[in-house]
Amino acid sequence: MSFEPEVIGDASGKWYGNALCFASCEEAEANVQDLMMRWLAVRGTRVVESDDPVNYRYINGQLESLTSEAAMPVQ
């Protein structure tokens, strides 16, 4: 189980995620709050449980990928 941050970013009322999955609800909440501070149109935030594997961590305001694909250079 993982936790995914989601936002409502327009008048549609639809929730959107960004494929980030965290090990804890606290990490996901901290990440979505940081995102909200950087985006101007956020109308709501939430964290949802997911069956997707954990692929990021968010520690001290820093986002870190836990997948090997993120460490590979783009060619």
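Buried denotes a relative accessible area under 20%, exposed one over 50%, and partly exposed a value in between (1.4 Å probe, protein chains only). The model is predicted: local features need pLDDT of at least 70, side-chain atom pairs count only at pLDDT 80 or more, and totals for chains, interfaces and linings use all residues. Residues are numbered from 1 along each chain as its sequence is written, and side-chain values use heavy atoms, with hydrogens and water left out.

**View 1. Overall architecture of the protein, with two helices and five strands.** Helices (H or I, at least four residues) and strands (E, at least two) are DSSP runs numbered from the N terminus. The order of elements from the N terminus is β-β-α-β-β-β-α. Along the principal axes, the C-alpha atoms fill a box of roughly 35 × 30 × 25 Å. Of the 75 residues, 28% are buried. The exposed area is about 5200 Å² (Shrake-Rupley method, 1.4 Å probe), and carbon and sulfur atoms supply 52% of this area. Contacts are heavy atoms within 4.5 Å; among those between residues at least 6 apart in sequence, 58% join residues at least 24 apart.

**View 2. The salt bridge between glutamate 6 and arginine 46.** A salt bridge is a side-chain nitrogen of Lys or Arg within 4 Å of a carboxyl oxygen of Asp or Glu; the structure holds three. In the pair of glutamate 6 and arginine 46, the closest N and O atoms are 2.7 Å apart. The pair links distant parts of the chain, as glutamate 6 belongs to strand E1 (residues 2-8) and arginine 46 to strand E3 (residues 44-50), 40 residues apart. Glutamate 6 is buried at 13% relative accessibility, whereas arginine 46 is partly exposed at 33%.

**View 3. The salt bridge between arginine 38 and aspartate 34 in helix H1.** The closest N and O atoms of this pair lie 3.3 Å apart. Because arginine 38 and aspartate 34 are four residues apart in helix H1 (residues 25-38), about one helical turn separates them. Arginine 38 counts as exposed, with 52% relative accessibility, while aspartate 34 is partly exposed at 28%.

**View 4. The salt bridge between arginine 57 and glutamate 64.** The N to O distance between these side chains is 2.9 Å. Arginine 57 is partly exposed, with a relative accessible area of 36%; glutamate 64 is also partly exposed, at 37%.

**View 5. Surroundings of serine 2 in strand E1.** Serine 2 is buried, its relative accessible area being 0%. A polar atom of the serine 2 side chain lies 2.7 Å from the backbone oxygen of aspartate 52. Leaving aside neighbours within four places in sequence, serine 2 is in contact with Cys21, Phe22, Val48, Glu49, Ser50, Asp52, Pro53 and Val54.

**View 6. Surroundings of asparagine 55 in the loop between E3 and strand E4 (56-59).** With 16% relative accessibility, asparagine 55 counts as buried. The side chain of asparagine 55 reaches the backbone oxygen of alanine 19 at 2.9 Å. Not counting residues up to four places away in sequence, asparagine 55 touches Ala19, Leu20, Cys21, Glu64, Ser65, Leu66 and Thr67. Among these residues, Glu64 is the salt-bridge partner of arginine 57 shown in View 4.

Definitions and conventions:
A polar contact is a pair of N or O atoms within 3.5 Å; within protein, one must be able to donate a hydrogen and the other to accept it, and residues adjacent in sequence count only if both atoms are side-chain atoms.
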